[in-house]
Amino acid sequence: MSEQVLIQFRADKELKQEVSEIYESLGMDLPTAFRIFMTRSKMVKGLPFEATLPKSTVTRAEAKRAFYELRQQASDLPEMSLDEINAEISAARAERRR
């Protein structure tokens with residue numbers, strides 16, 4: 001057996017708890033999960049999952065422009081009463097149940 005070393009790092013307490021619960025439901029503890037992560041990293045010679053940036057991002061100005069365009073489109077729609085809105089919601093829910 002090769003020499004073992006201690007690895008320590010800091011993590012958010014809530015994140016650690018949530019992740020520990022996930023691994024426990026899979027039948028392993030956190031140290032075992034990290035050993036699996038490191039072994040897989042060694043096998044693939046990198047992160048054992050895809051780590052890429054999104055292909056495109058939306059700037060604040062673009063999001064604001066899209067919001068105002070949608071708002072303009074909605075302004076052309078006829079006004080609905082609360083009863084009409086509730087009737088439309090009920091009809092949509094009934095359709096989903098079928």
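This note covers surface features and one charged contact in a predicted model.

1. Nonpolar surface patch. Eight side chains are worth viewing together: Val-5, Ile-7, Phe-9, Phe-34, Phe-37, Met-38, Leu-47 and Phe-49. They form a nonpolar patch on the surface. Their accessible area together is about 810 Å².

2. Ile-7 within the patch. Ile-7 is one of the patch residues. Its place is in the segment before α1, the helix that spans 13–25. Ile-7 has a relative accessible area of 53%. The cut-off for exposed is over 50%, so Ile-7 counts as exposed.

3. Ile-36 in helix α2. Ile-36 belongs to helix α2, residues 30–44. Is Ile-36 buried or partly exposed? Its relative accessible area is 46%, so Ile-36 is partly exposed. Buried would require under 20%.

4. Ile-36 and Pro-48. These two residues are 12 apart in sequence. In space, the C-alpha of Ile-36 and the C-alpha of Pro-48 are 9.9 Å apart.

5. Salt bridge. How many salt bridges does the count give? The count comes to one salt bridge. The side chains of Arg-98 and Glu-95 meet in a salt bridge, at 3.3 Å from N to O.

6. Exposure of the salt-bridge partners. Arg-98 has a relative accessible area of 74% and is therefore exposed. Glu-95 comes to 48% and is therefore partly exposed. The dividing value between these two classes is 50%.

Technical notes. Residues are numbered from 1 along each chain as its sequence is written. This is a predicted model: local features need pLDDT of at least 70, side-chain atom pairs count only at pLDDT 80 or more; totals for chains, interfaces and linings use all residues. Side-chain values use heavy atoms; hydrogens and water are left out. Patches are made of residues with over 30% relative accessible area and no salt bridge: like charges are joined within 9 Å, nonpolar side chains (Val, Leu, Ile, Met, Phe, Trp, Tyr) within 5 Å. Accessible areas come from the Shrake-Rupley method with a 1.4 Å probe; for residues, only the protein chains shown count as cover. A salt bridge is a side-chain nitrogen of Lys or Arg within 4 Å of a carboxyl oxygen of Asp or Glu. Helices (H or I, at least four residues) and strands (E, at least two) are DSSP runs, numbered from the N terminus. Buried means under 20% relative accessible area, exposed over 50%, partly exposed in between (1.4 Å probe, protein chains only).
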